[in-house]
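Student: I would like a close look at a single part of this model, the small open sheet and what surrounds it. Please go through it slowly.

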Amino acid sequence: MTKSVRSCAVYARISSDEGTALGVTRQIEDCTAEASRRGWPLGEIFTDNDVSATRTKKRPAYERMLDAIEHRTIDAVVVWDVDRLTRTPAELERFIGLADTHGLALASIGGEVDLATPQGRLTARIKGSVARHEVEQMSRRLKRKFQENAKAGKSHGVMPFGYRREPILDENGRRIGSRDAIVPAEAEVIRELYARAIAGDTLRYLAKYLNEQGFRTGQGNAFIGNVVGNMLRKPRYAGHRTHAGQIIGKGEWEPIISQDTYDQAMAVLTAPGRRHQRGIEPKHLLSGIALCGRCGGTMRPNMHKPLPDGTHRRSNYACSDCMKLTRKMEPVDEVVEAVMIARLSRPDVLAHLSEKPDDLAAAASSRDAILARMDTAADDYADGTITARQMARMNERLKASLAEAEAQVTKYQPVRILDGMTGENAAVAWGSTTINRKREIIRQLATVTILPSGPGIRFTPEQVKIEWKQA
Ligand SMILES: [Zn+2]
């Protein structure tokens, strides 16, 4: 390049080719130095932040530079390398055409590229095709990255309540990945939710609790029962990674709850006797639990006419089927509570709830074996040993076995609703627990029947029959 340059441009581009990406500052520094070394007067510096590095993405600075070349306000360009300048052979040919027409000089840090000579063009074309090859490599690398993420159990998708996504930075402060970190306050609440669910609180009640604590969903809405239910069913809280609704392996994030807690909560949430309570939260101990001694129907709070202040006073249980049995609530509740406390104080209370520990262990180990096979399949896929289709087929088969194994675990899982409720402290524990838990304990342990009595006969404790359920 012998002709004299009147004004040279520096073109710098940052691409998403992370790890080898050359900082724009470094490119500009080197190019400015090169221009100065050549004695080329520096004109404009053009910079594109071409993070997507796809062929379709516009490069506004590059386009402005081509304009400047056409208007001959610049007659030379310095780039760090030709791969910064053009991304496709078509772009390169267009640039070569412009260089021809306008007698443009081109220099790169790697050496001069004289587009006026066949050798220079060849060099540029080779570099150009190398750059294009790199774009293709990049999409391959992204695919590979996804596989590696799957293999490493990295999280993807929407952040669930309890976690936040944090960037992982290299020593230069550049983002090289992300990880899901526990948000302590939210994790605390999640543990509380599981504990309460195991204790028999309804989903609706849990949603109310969350809202009262000032928490909102990711979309900023108030929680409702179904949302809380879906949340608690997420295996990721116990450290499992799922894909398309199925567990595919272990997550790399820290679990918030143990597998044991998760299993217990699922056992409670899927228990056959569980009521899906709608409407107002029960305020009455035996509503819907106590049975009518006349017809076997269910006792419900009796609706009186509203009081002058608009509230209802419901102080009676009444049979909602035969409508012929009514009892004052308070004395019935007192009897049942006293009997429950006495029962919970006895050392043998847990004996009849004893599950089949051997069956539970067997079910749990077969579930773990299936999870391990899913892990292996994910590894094999990431390693390229099997195809995505093969992995999907294996997971499809394993998914069915997993559902079966999980059902077995749930079946033999002891429900821990009595944790902390028995023994010497039974009375204190009973007094401080929620009405939901009391109701669930009564439901699990006993059948309560309110017996009929003749007209004018005063209430006696014998009119409440309490039969213990056997395991
Ligand atoms: Zn009845």
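Tutor: What follows starts with the sheet and moves outward to the helices and the core. Keep in mind that the model is predicted.

The open sheet is built from 3 strands, in the order β10-β14-β15, and its pairing is mixed. At the edges are β10 (291-292) and β15 (464-468), each of which pairs on one side only. Helix α10 (residues 329-345) packs on this sheet, where it touches β14 and β15. The direction of α10 makes about 30° with that of β15.

Now take the pairing of β10. Strand β14 covers residues 446-450, and 2 bridges join it to β10. These two strands run parallel. To find one point of this pairing in the structure, look for Cys292, which stands opposite Ile450 in β14.

Next comes helix α14, which spans residues 435-445. Its buried residues are Lys438, Arg439, Glu440, Ile441, Ile442, Arg443 and Leu445. What do the buried residues of α14 pack against? They pack against two helices, α10 and α13 (426-432), and against two strands, β14 and β15. Helix α10 thus appears twice in this picture: it packs on the sheet, and buried residues of α14 pack against it.

From here we can turn to the nonpolar residues. In soluble globular proteins, nonpolar side chains tend to be buried together. The largest nonpolar core in this model has 50 residues, and Val228, Leu286 and Met299 touch the most other members. At least three residues of this core come from each of domain 2 (182-269) and domain 3 (291-352 + 418-468).

Val228 is a useful place to look inside that core. Setting aside neighbours within four places in sequence, Val228 is in contact with Leu193, Leu203, Leu206, Ala207, Leu210 and Phe223. Another core lies apart from the largest one. This other core has 29 residues, including Cys8, Cys31, Tyr62 and Leu104.

One more helix can be read in the way α14 was. Helix α9 (residues 259-269) has Tyr262, Asp263, Gln264, Ala265, Met266 and Val268 as its buried residues. The cover over them includes α6 (184-198), α8 (225-232) and α12 (388-412).

For a pairing in the antiparallel sense, look at strand β6 (residues 163-169) and strand β7 (residues 175-182), which pair over 7 bridges. Within this pair, Ile168 has Gly177 in β7 as its bridge partner. The hairpin of β6 and β7 has 5 residues between the strands, and Gly173 there takes a positive phi near 80°.

Note on methods: Residues numbered from 1 in each chain as written. Predicted model: local features only at pLDDT ≥ 70, side-chain atom pairs only at ≥ 80, totals over all residues. Core = buried A, V, L, I, M, F, W, Y, C linked by C-beta atoms within 7 Å. Buried ≥ 20, exposed ≤ 12 C-beta atoms within 10 Å, placed from the backbone. Domains from an automatic or database assignment. Contact = placed C-beta atoms within 7 Å. Helix = DSSP H or I, 4+ residues; strand = E, 2+ residues; numbered from the N terminus. Pairing = 2+ DSSP bridges. Axes fitted to C-alpha atoms, helices over the stretch in contact; angles between N-to-C directions.
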